[in-house]
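Trainee: Please take a close look at one part of this structure and explain it to me slowly. I would like each term defined when it first comes up.

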Amino acid sequence: MIMGPLGSGKTTGSVQRVFDQMCEQEPDKFGVRASRWVAVRNTYNQLFSSTIKDWCELLHNEKVRLGKFVKSPLPTHYLHFRLPDGTTVKSEMMFIALDRPDDANKMRGTQITGFWLNEVKELSKEVIDMCDGRHGRYPDNCSWSGMIGDTNAPDTDHWYYQFAEELKPKGWKFFRQPGGVIRKKLPGGGHEWVENPNAENLHNLRKRYYIRQVPSKKDSWIKVNLANEYGSVSTGKPIYEENWDDVKHVSKYPLAAIPSFGRLMLGFDFGRTPACIIGQLMPNGKLRVVKELIATGMGIRKFMDEIVMPSLKKDFKKFPIKDIEAYGDPSGTAKSGNDENSPLGILNDEYNLTAYPTATNTPLRRWESVGWFLDNDIDGHPAFELGADCHVLKKGFNGGYQFRRLNVSGEKYSEAADKNSYSHPHDALQYLCQGAQGEINYSWRDQHIDASAYKQTVVADSVTGY
Ligand SMILES: Nc1ncnc2c1ncn2[C@@H]1O[C@H](COP(=O)(O)OP(=O)(O)O)[C@@H](O)[C@H]1O
Ligand SMILES: [Mg+2]
């Protein structure tokens, strides 16, 4: 199997490999080198638009004629030609797509020498297993039989990754080509993509083939298709696809919170990529989201000290800190009200916010909370308004926040949100919406305050010697 970036010569190499094998098959007593091959692709469309096209570009065109090509019942190239040594090559290459179960059935009884699995990451493990059990049955004196495959980098939860990097099963070989671009670390953290002088097949590609594609592409796409790193290209299903309307839900301008209209509400997502979403519930029940604060690689105290508190003091100075409500994930705090190191405890005790865990953190409930505001109108206007400068939330709503597409053919998605740069602020927004709907565990805070007051008393007592 070979894994490489776009344009690295994988397909050309695969065609060449199969062709070599056809020519190198030991001749029988009549001097005939017979073999039968199958090229597999996941859809009929791709089979015709690329696999067959690529094959014919090299082996069946105006300049090269080695036999005849028939389109039905299965697209098949019958190669039949003499080699300089007087022997004859007599091979078939059948092209099969898996979205036509009929075609796969037609192959069933056939004796096969080997398979070419084109874009192997698009094929399910069941297909690979099926193929693996069927080669080597023709001809009787098979010189080589087996499967070859070419692919772009799959995700790390793909069977290919597991095989190539972990299991490394006997009898399999995995080749990994250098990327067309590589990461160059930037002084302030992060990276930029630069040309890789060690990339393969550069002399057959247009100048700057790889680097030219960088500016217009998403990082996740570059990583997989150009850099040849394991990963997933976000092609998932937007979580709020049904509810979200960019035109309707995003305000024309950045929004400001208005003190006389009610209290300020913060939704928090804790962890090393913390996010805080600031909103205000209007007297009529409409939720306005006015600010997103997002960081990476920080704990809660640093996030509060460097980002959240400065913003509260600067942008929301008319709101007394103790009246600001914060909502977050109930996990870890709901049970032990006296854990003063829980993030919500820290918000309460060290930053004087009025912090509550929400009543539940099941994803479905959280999405429903947001969905409620998105779906409903109040006084003829949407119940949800997003400030124009909340760019990350907005991109998330427009598709960045998504169910991950599963690596099987057909449209199937995982039931959990993909963890990415949009998921953290969106998690925070969900807690904010739950808070705005009053879906809060009030008793946690009472217990927590009682417990920390008790602790303070004990500390005070021990200091004074009582
Ligand atoms: N050995 C080669 N000689 C000449 N051109 C090649 C050779 N290998 C690949 N190419 C050309 O390089 C380009 C990319 O090759 P291709 O096999 O389609 O790459 P991949 O399948 O990895 O995307 C094609 O235009 C192909 O014709
Ligand atoms: Mg290719």
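Mentor: Residues touch, or are in contact, when heavy atoms of theirs lie within 4.5 Å. By that rule Ser-369 touches Gln-430, Cys-433, Gln-434, Gln-437 and Glu-439, leaving out residues up to four places away in sequence. This is a predicted model, in which local features need pLDDT of at least 70 and side-chain atom pairs count only at pLDDT 80 or more, while totals for chains, interfaces and linings use all residues. Residues are numbered from 1 along each chain as its sequence is written, chains are lettered from A and ligands numbered from 1 in the order in which they are written, and side-chain values use heavy atoms, with hydrogens and water left out.

Ser-369 is placed in helix H10 (residues 363-375). Helices (H or I, at least four residues) and strands (E, at least two) are DSSP runs, numbered from the N terminus. With a relative accessible area of 0%, Ser-369 is buried; buried means under 20%, exposed over 50%, and partly exposed in between, using a 1.4 Å probe and protein chains only. The side chain of Ser-369 also makes a polar contact of 2.9 Å with the side chain of Gln-437. A polar contact is a pair of N or O atoms within 3.5 Å; within protein, one must be able to donate a hydrogen and the other to accept it, and residues adjacent in sequence count only if both atoms are side-chain atoms.

Now the main part, the sheet. The order of its eight strands is S3-S4-S5-S2-S6-S7-S1-S8, and the sheet is open, with mixed pairing. S3 and strand S8 (175-176) stand at the edges with a single partner strand each, so one side of each has no neighbour in the sheet. Two strands pair if DSSP finds at least two bridges between them.

Which way does S5 run against S2, and over how many bridges? Strand S2 (residues 32-41) and S5 pair in the parallel sense, over 10 bridges. One of the partners is Thr-88 in S5, matched with Val-32. Towards strand S4 (residues 76-82), S5 runs antiparallel, and seven bridges join the two. Thr-88 is the bridge partner of Arg-82 as well, and Tyr-78 stands opposite Glu-92 in S5. The hairpin of S4 and S5 has five residues between the strands, and there Gly-86 takes a positive phi near 90 degrees. Nine of the 10 residues of S5 (residues 88-97) are buried, so this strand is largely enclosed by the rest of the structure. In a regular strand the side chains alternate between the two faces of the sheet.

At the edge, Gly-67 lies in S3 (residues 67-70). Gly-67 is partly exposed, at 27% relative accessible area. Residues up to four places away aside, Gly-67 touches His-60, His-77, Tyr-78, Leu-79 and His-80. Ile-324 is 257 residues from Gly-67 in sequence and 79 Å from Gly-67 in space, C-alpha to C-alpha.

Two further strands can be read with the terms you now have. Glu-385 is found in strand S19 (residues 384-386) and counts as buried at 18% relative accessibility. The side chain of Glu-385 makes a polar contact of 3.3 Å with the side chain of Lys-286. Residues that Glu-385 touches beyond four places in sequence include His-249, Leu-255 and Arg-288. His-381, in strand S18 (residues 381-382), is partly exposed at 48%. Beyond four places in sequence, His-381 is in contact with Lys-286 and Asn-376.

Last, the ligand. Among the residues around ligand 1 are Gly-7, Lys-10, Thr-12, Asn-201 and Asn-204; a residue is near a molecule if one of its heavy atoms lies within 4 Å of it. An oxygen atom of ligand 1 lies 2.7 Å from a backbone N or O atom of Gly-7. For Thr-12, a polar side-chain atom lies 2.5 Å from an oxygen atom of ligand 1, and for Asn-201 a polar side-chain atom lies 3.0 Å from one.
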